[in-house]
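Dear colleague,

I am handing over the structure we spoke about, with the sequence alongside it. Please look it over first, and then read the notes underneath, which go from the whole chain to single residues.

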Amino acid sequence: MTTHIETDRLRLRNWTDNDLEAAYEIYRDPRVARFLDGRPDHSLEATRRRIRRRIDHQQQHGYTL
C-alpha cells in the first residue's frame, strides 16, 4: 500500500529505492543523526541498507518512519 499525505508545503510518502542519494545527504549529517539513532551514515551503502529496512518494514507492517 502506498500512502501519500500532501499539504501546500509538505509531501509525505513511502520510501523508494529512488530516494537513496537524497536520503544519504540527510542521514550523513551528524546534526540530523543526533535526533535519530545518533550515528550518521558514512557511506551510500549504509544509507541503502537503512532505506531497504524502512521499505521492508512498510511492506511487513503497513507503516514506517
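In what follows, helices and strands are DSSP runs, a helix having at least four residues and a strand at least two, and they are numbered from the N terminus. Please keep in mind throughout that this is a predicted model. With that numbering, Thr64 has its place in the segment after helix 3, and I come back to this residue at the end.

As for the overall build, the protein contains 3 helices and 2 strands, arranged along the sequence in the pattern β-β-α-α-α. Its C-alpha atoms fill a box of roughly 30 × 30 × 20 Å when this is taken along the principal axes. Of its 65 residues, 26% count as buried, and the surface that the protein exposes comes to about 5,500 Å², of which carbon and sulfur atoms supply 51%. Among contacts with a separation of 6 or more, 32% are accounted for by residues 24 or more positions apart. The protein carries 13 positive and 11 negative charges, and the mean positions of these two sets are 4 Å apart.

Helix 3 covers residues 44-61, and because each residue should add 1.5 Å, its 18 residues are expected to span 26 Å, which agrees with the 26 Å between its end C-alpha atoms. The buried residues of this helix are Ala46, Thr47, Arg50, Ile51, Arg54, Ile55 and Gln58. In general, an α-helix has 3.6 residues a turn, so residues three or four places apart point the same way. What covers the buried residues of helix 3 includes helix 1, residues 20-27. After helix 3 comes Gly62, with a positive phi near 90°.

Two aspartates in loops deserve a closer look. Asp19 sits in the loop between strand 2 (11-13) and helix 1, and it counts as buried because its relative accessibility is 11%, the cut-off for burial being under 20%. Its side chain is joined to that of Arg13 by a polar contact of 2.6 Å, while a polar atom of the Asp19 side chain also lies 2.8 Å from the backbone nitrogen of Thr16. If neighbours within four places in sequence are left aside, Asp19 is in contact with Arg13 and Asn14.

The second aspartate, Asp29, is found in the loop between helix 1 and helix 2 (30-33), and with a relative accessible area of 16% it is likewise buried. A polar atom of the Asp29 side chain lies 2.8 Å from the backbone nitrogen of Arg31.

Returning to Thr64, is this residue buried or partly exposed? It is partly exposed, because its relative accessible area is 26%, and the partly exposed class lies between the limits of 20% and 50%. Apart from neighbours within four places in sequence, Thr64 is in contact with Trp15, Arg54, His57 and Gln58. Of these residues, Arg54 and Gln58 are among the buried residues of helix 3, and the side chain of Thr64 reaches the backbone oxygen of Arg54 at 3.3 Å. Thr64 and Arg53, which are 11 residues apart in sequence, have their C-alpha atoms 9.3 Å apart in space.

With best wishes

Definitions and conventions:
Residues numbered from 1 in each chain as written. Predicted model: local features only at pLDDT ≥ 70, side-chain atom pairs only at ≥ 80, totals over all residues. Heavy atoms only, no water. Buried < 20%, exposed > 50% of the residue type's maximum accessible area, 1.4 Å probe, protein only. Contact = heavy atoms within 4.5 Å. Areas by Shrake-Rupley, 256 points an atom, 1.4 Å probe, with all protein chains shown as cover. Lys, Arg positive; Asp, Glu negative; His and termini not counted. Charge placed at Lys NZ, Arg CZ, Asp CG, Glu CD. Expected span 1.5 Å × (residues − 1). Polar contact = N/O pair within 3.5 Å; in protein donor to acceptor, adjacent residues only side chain to side chain.
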